[in-house]
Every structure is written in C-alpha cells, then in structure tokens.
Amino acid sequence: EKGGYDHFMIKEIFEQPRSIADSMRGRLRAEDAHLQLGGLEAYLDKLAETERIVIVACGTSWHAGLVAEYLFEELARINVEVEYASEFRYRNPVIGENDIVIAISQSGETADTLAAIELAKSKGAIIFGVCNVVGSSIARATHAGAYTHAGPEIGVASTKAFTAQVTVLTLMAIATARRKGAIQEETYGHLLTELECIPSKVTQVFENATRIKEIAFIFTYARNFIYLGRGLNFPVALEGALKLKEISYIHAEGYPAAEMKHGPIALIDEDMPVVFLATKDSSYEKIVSNIQEVKARKGRVIAIITEGDTLIPPMVDFVIEVPATHEILTPLLSVIPLQLLSYYVAVMRGRNVDQPRNLAKSVTVE
Ligand code: M6R
C-alpha cells in the first residue's frame, strides 16, 4: 500500500504532481480561460462583495490559510484575517452576517476548527469549507465549499494536503478576483496557464532529491534550524519548520526574514543552519540582504532559489533550485524541497516518520 516506498510520507510527497492536478481537474482549463468551482458558484457574488474574510484552521492548514491571505488580498483586494481556530473559538470574535469564513481542514474532523465554524455560524456568517475528506464533519457543517482532491493522506505530517489546499484556495481567490473585476485579463490568463504547469514543475523539483538528501545528511544532527521567508514564502518558512519539528524532533523556527533583526538574529552562529526561501520574486533583493546578514554571523545557509539564479549560490553554503513561476504560485514549488529535507533528516535520525511521537493524524479532541 506504500507503493514501493519506505513510508507513506515520501509516497505522498511524490504524489503531489497528481494531487495538485486532481485538485484543478474539471475546474480549470487555461486554453479557453475556464475557471469554475461548482461548490462556490452560488456564493461567488457574496465572496466578491464581502469586505472581510476570516480564515480558521490549525497547523499546516493554518499555514495554507496564511498563503490564502496573500492571495485574496493581492488578487481580489479583500481584507483577510487568519485565525487559529483554537484561539478564535474562545474569544468573543467580532463576526456577523457580512463576514465570510473559510475553514480549512484536511481531515474535516479537527475539533477546534469545527467549534470555530459553529460559533461563526451562530453569529450569521457564511461558512466555506476547504476539506480533503468527503462527508467529514467540517464538510457537513459548512454552507458550501470546494474539496481538495489530494486523496487519502496517511502520514501524520501533512504534505500533499497542504499543496492541494493552496491550489484550491488559489483557484478561489482568482475566481473571486475575476467576479469582482479586480484582475486584469492578461494576469488572469497567465495565472491559469501557469497553474496548469505546476504539476510538471513539481516533478522538476524532485530531480533535486539526491542533492537534498546530501544536505540532510550534513545536518542530520543539528540541534536547531531557522527558516526564513518573506511575502508568500513566509508561511512556507513556517510550514518547513513545522515539518522538521514534527518528524525529526529538531527544534525549528520559522520567521518572516525581516523579523530577524528584532531578536532571532542573536541565535545565529556557525552551528545554526538557516533555510532561506529566496526565490526571484518581489522581495528578492531584501532576502539577499537578509542572507548577507546571516552569513556575516557565520550562519550556515541553505537557500531555495529560482533556477538559473547566479547571484545567491556563491553567497551561501547550499542551494536547491525550483523552477520559475508566477510569484503568486511560488509556495506550491518552494515548499517541496522543505518537505523532502525534513523527511530525509527524520529518516537519517531513525524516526518513525509516518507516526511521530505524541501526534495523531486528526485531532478530534481539543
Ligand atoms: O485535518 P486538519 O487539516 O484540520 O489538521 C490540522 C492540523 O492538525 C494538521 O495540519 C497538523 O498540524 C499536521 N500534523 C501538520 O503536518
């Protein structure tokens, strides 16, 4: 059932070209500029009209929510708040009939997310679900939604569910922006075409697996890791750190790169591996300066860069390339090397990758 792989996690990582394609299938066709999410059609006007979207989720799904915040703000110009479901449910949140809540959950059974939905619903908000498990409690509790088609995810560390969530949320943000008239035709067309290329570009990232394994070997016994990114790559940094923590039990922190100098930079010395998300996007130059700041303090830098970048490689210790894409779609590619890095480190440490200690696949108790 692991299809010849040692663990479900690695099987699921390698399934991503398929699971991302499945999450777009029947919804997107670039050649005739078609984009339609059946479950959302009836609510698309409401989404386009709303002034605020509140996203509730936990863990990796919360990271997908942070990506969606950028997408909806950037493309559809809608104000988005991303909440930990566990915090949201125990506050007295300002939420009402004019708000739209998007709940994101792989399992559809996370207790805190379900409770957050019930609370928002009781205040009159419209609830959309982005779930992977058909007929799950969360899917049933929502007014409408769009399923991710990642297929069953067995590894406790979420991988293909995350990229499927980001894919579906991207489709939702683009569809909303289009309905709102907030996106130019040219950008719209370009995004659809680029989206269709993502599965094959993920396959290209896999060509770096051996290289990533070598890097994992060098850092197998590191005690700490820092992950830094800006913009859309900030949530990816958080996700990379969470993956490493969960399955290798190495302490790892993700930060927005610019926050470094407000504290974490004190941690940098020659023993500190720092993973930079340094793809060629609008924060590229800023990230390059952040890399210099870390190198000046002798940190060991592993940089995820865009293919063909010649500036960063001589500045850092290791690079892993990902293909170029539209900036908005970067997380779908930049997260892949981080999933692989955490997997190989955990395997080299002899961890139980698919069932890490203290963790359950779905957290149905609070
Ligand atoms: O099933 P859900 O997406 O609601 O689960 C949320 C979190 O429990 C989950 O993402 C968790 O953080 C994973 N172990 C991350 O790899």
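**Exercise 1. How much space lies in the largest pocket, and which residues are closest to its centre?**

Solution. In this predicted model, about 650 Å³ of space lies in the largest pocket. The pocket is lined by 31 residues, and those closest to its centre are Cys58, Gly59, Thr60, Glu246 and Val363. Turning to secondary structure, the elements that give two or more residues to this lining are H4, strand S5 (100-105), helix H6 (111-122), H11 and strand S9 (251-256). Sorted by class, the lining has 12 nonpolar, 12 polar and 7 charged residues.

**Exercise 2. Work out where the ligand sits and which residues and elements surround it.**

Solution. The space that the ligand takes is the largest pocket. Helix H4 (59-76) and helix H11 (233-248) are the elements that give two or more residues to the shell around the ligand, and H4 provides the largest share, with 3 residues. The shell consists of 13 residues, of which Ser61, Ser105, Ser107, Thr110 and Glu246 come nearest. By class, the shell around the ligand divides into 3 nonpolar, 8 polar and 2 charged residues.

**Exercise 3. Which atoms of Ser61, Val156 and Ser158 lie at short listed distances from the ligand, and how much of the ligand is buried?**

Solution. Begin with the side chain of Ser61, where an N or O atom is 2.5 Å from an oxygen atom of the ligand. Continue with the backbone: a polar backbone atom of Val156 is 3.2 Å from a nitrogen atom of the ligand, while a backbone N or O atom of Ser158 lies 2.8 Å from a ligand oxygen atom. For burial, the ligand taken alone exposes 410 Å², and the protein buries 91% of that.

**Exercise 4. Describe the second largest pocket by its volume, its lining and the element with the largest share.**

Solution. About 220 Å³ of space lies in the second largest pocket. Its lining includes Tyr70, Glu73, Arg77, Thr187, Leu232 and His326, and H4 gives the largest share, 4 residues. The lining of the second largest pocket divides into 4 nonpolar, 4 polar and 4 charged residues.

**Exercise 5. How many cavities of 30 Å³ or more does the structure hold, and what lines the largest cavity?**

Solution. The structure holds 1 cavity of 30 Å³ or more, and about 30 Å³ of space lies in the largest cavity. Among the residues lining the largest cavity are Arg230, Asn233, Asp281, Tyr284 and Ile287. Strand S10 (273-278) and helix H12 (284-296) are the elements that give two or more residues to this lining, which by class has 4 nonpolar, 3 polar and 2 charged residues.

Note on methods. Residues numbered from 1 in each chain as written. Predicted model: local features only at pLDDT ≥ 70, side-chain atom pairs only at ≥ 80, totals over all residues. Heavy atoms only, no water. Near = heavy atom within 4 Å. Polar contact = N/O pair within 3.5 Å; in protein donor to acceptor, adjacent residues only side chain to side chain. Areas by Shrake-Rupley, 256 points an atom, 1.4 Å probe, with all protein chains shown as cover. 1 Å grid on protein atoms, 1.4 Å probe; cavity = no way out; pocket = protein on both sides within 12 Å on 5 of 7 lines; lining within 4 Å. Sits in = over half its atoms within 2 Å of the grid points. Nonpolar A, V, L, I, M, F, W, Y, C, P; charged D, E, K, R; others polar. Points joined across faces, edges and corners; volume = space filled by probe spheres on them.
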